[in-house]
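Me: I am new to this structure and would like a close look at one part of it. Please pick a spot inside it and show me how it relates to the rest, step by step.

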Amino acid sequence: MLTICANRTSSLLFRFNRRSFTKLAHESSPAPLRGDDDQEFLPQMPPFDYTPPPYDGPSAAELLEKRQRHLNPCMSYFYRNPLFLVDGKMQYLFDEKGRRYLDAFGGIATVSCGHCHPEILEAIFNQTKKLQHTTALYLNRASADFAEALASKCPGDLNVVFFTNSGTEANELALMISRLYTGFHDIISVRNGYHGNAGVTMSATGQCNYKYNVIQSGIHHALNPDPYRGIFGSDGPKYAKDVDEIITYGTCGRVAGFIAEAIQGVGGIYELAPGYLQAVYNSVRKAGGLCIADEVQSGFARTGSHFWGFEAQGVVPDIITMAKGIGNGLPLGAVVTTSEIAKVLTCHGYLNTFGGNPVSTAGGLAVLKVIEKEKLQHNALKIGTYLKNQLLALKEKHQIIGDVRGRGFLLGMELVTDRELKTPATRETLYVMEQMKDMGVLIGKGGLNGNIFRISPPLCFTREDADFLVSTMDHIISKM
């Protein structure tokens, strides 16, 4: 492998705050990386034929000061020194100094086709020049064409689309529809899942890190079918019995619905145990409820093996919710259901001002076309499987890696200080993440204890990119 010579940089560890996403207080300096020389041979980033134009705007320090003064105080940021990104192209990002980074986080599994993909930009620009916004009360070709194309990617009779602006909005709408359609109130979700930050979606979320002390009624959280830490290992039907007990002992025997991610994203890339959704869907439907598949992170070919994450479990939901990868970064979400279920909202008018916006839906249709044209689902399967196998090889080499999981380009790596006890290695995770940024690789983190790397790059990620990511991680962990 080609190498370059660079000065070693060290990063501070941070104090872990469970209520903060990433903004962590400085604590102490870690032990320096082993070696007798300040010069090290580091993995080399793959070549890329693009140079961004020079940046001539305000500095990172100026923007940080403005952000702290005017933007909401709940916002936090990755890294000791917040990264200031000003340009992007496909799987790469560039900071204000022109330095290139390999994006293995994809804006939290949002950039599906690549940053500033030319065909998606062209669709957005062309629509913007013609008509930026009217209202859903008028006919809109862009939204109608996209709805038709989106429905064609969904199984069974799932062919009616409600457009929203985000995953939270989509899940809120889906949960409301399930209550109205069934006439019942109780919703079952899964512990450790994440579904949004509004009223009902926050209630359905199964992590204290993302919940405020507000009224949460009619929500029940079932045992998480977690093959790594769960009490039943990979036996999905055994976990599903908890849903039966919730219905029997926690409700009137009838429920409105069940919502779950096929692979928990924010929770730490936990893939539901095999057979879980089949058993749960049967129980929920017997209790009169609807089954909702939250595909906000696992949808749009990201898992490689299937277009939707739930397909790996061999089920067909009553409602699919989606966002993130649907628009490659545009504010776009959707709920897809059957015509029969959709009719429940016709008792009153339902209108979303920006849902189905011509610009966003033109971009969404371009995303579908690019995924198909460039065979990005196949790439996610092929390169994602290769990347996962390389990470599994790292696990055999380094005791600190407790688990590697996920599918395609929705992968997780959990760091632990003790493999038997599975003790979360929170500090070490922050340290490795900081060092990887210094070496040019951006990844995310998640999980209740912040000790799980989230690897969700754009679907155009290459084998060379995968090699660079793994060799960088290996280099850092080997010297801890």
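Reply: Happy to! One cut-off helps before we start: a residue counts as buried when its relative accessible area is under 20%, and as exposed when that area is over 50%. Please also keep in mind that this is a predicted model.

Let's begin at T472, which is found in helix α13, residues 463-478. With a relative accessible area of 0%, T472 falls under the cut-off and is therefore buried. What is T472 in contact with, once neighbours within four places in sequence are left aside? The answer is P43, M436, M439 and V441. The surroundings of T472 also bring together remote parts of the chain: its C-alpha atom is separated by 8.7 Å from that of Q44, although the two residues are 428 apart along the chain.

M436 leads us on to helix α12, which covers residues 426-438. There, E434 and K437 form a salt bridge, with their closest N and O atoms 3.6 Å apart. The two partners are three residues apart in the helix, so about one helical turn separates them. Are these charged partners buried or exposed? E434 has a relative accessibility of 1% and so counts as buried, and K437, at 9%, counts as buried too. Elsewhere, salt bridges that share partners join R229, D403, R405 and E414 into one network.

Now for the nonpolar interior. The largest nonpolar core has 97 residues, and the members that touch the most others are L150, F258, Y276, L391, I443, L469 and M473. Take Y276 as an example: apart from neighbours within four places in sequence, Y276 is in contact with V190, A222, L223, P225, G236, Y239, A240, V243, F258 and Q313. A separate core of 19 residues lies apart from this one, and its members include A204, L290, I292 and A342.

L150 from the largest core also belongs to a meeting of two helices, α4 and α10. Their axes come within 8 Å and cross at roughly 35°, and the crossing is left-handed. On the α4 side, the contact is made by A142, S143, D145, F146, A149 and L150. On the α10 side, P358, T361, A362, G364, L365 and L368 take part. Of these contact residues, eight are nonpolar, three polar and one charged.

A salt bridge brings in the surroundings of these two helices as well. The side chains of K153 and E372 meet at 3.9 Å, N to O. K153 sits in the loop between α4 and β8, while E372 is in helix α10, and the partners are 219 residues apart. K153 is partly exposed, at 30% relative accessibility, whereas E372 is exposed, at 56%.

One more pair is worth finding in the model. R407 forms a salt bridge with E271, and their closest N and O atoms are 2.4 Å apart. Because R407 lies in strand β17 and E271 in strand β13, this pair ties together parts 136 residues apart in sequence. R407 counts as partly exposed at 28% relative accessibility, and E271 does so at 22%. A search of the whole structure finds twelve salt bridges.

Technical notes. Residues are numbered from 1 along each chain as its sequence is written. This is a predicted model: local features need pLDDT of at least 70, side-chain atom pairs count only at pLDDT 80 or more; totals for chains, interfaces and linings use all residues. Side-chain values use heavy atoms; hydrogens and water are left out. A salt bridge is a side-chain nitrogen of Lys or Arg within 4 Å of a carboxyl oxygen of Asp or Glu. Helices (H or I, at least four residues) and strands (E, at least two) are DSSP runs, numbered from the N terminus. Buried means under 20% relative accessible area, exposed over 50%, partly exposed in between (1.4 Å probe, protein chains only). A nonpolar core is a set of buried Ala, Val, Leu, Ile, Met, Phe, Trp, Tyr and Cys residues joined through side-chain atoms within 4.5 Å. Contact means heavy atoms within 4.5 Å. Axes are lines fitted to C-alpha atoms, for helices over the stretch in contact, and angles run from 0 to 180 degrees between N-to-C directions. A crossing is left-handed if the near helix is turned anticlockwise from the far one by less than a right angle, and right-handed if clockwise. Ala, Val, Leu, Ile, Met, Phe, Trp, Tyr, Cys and Pro count as nonpolar, Asp, Glu, Lys and Arg as charged, and the others, Gly among them, as polar.
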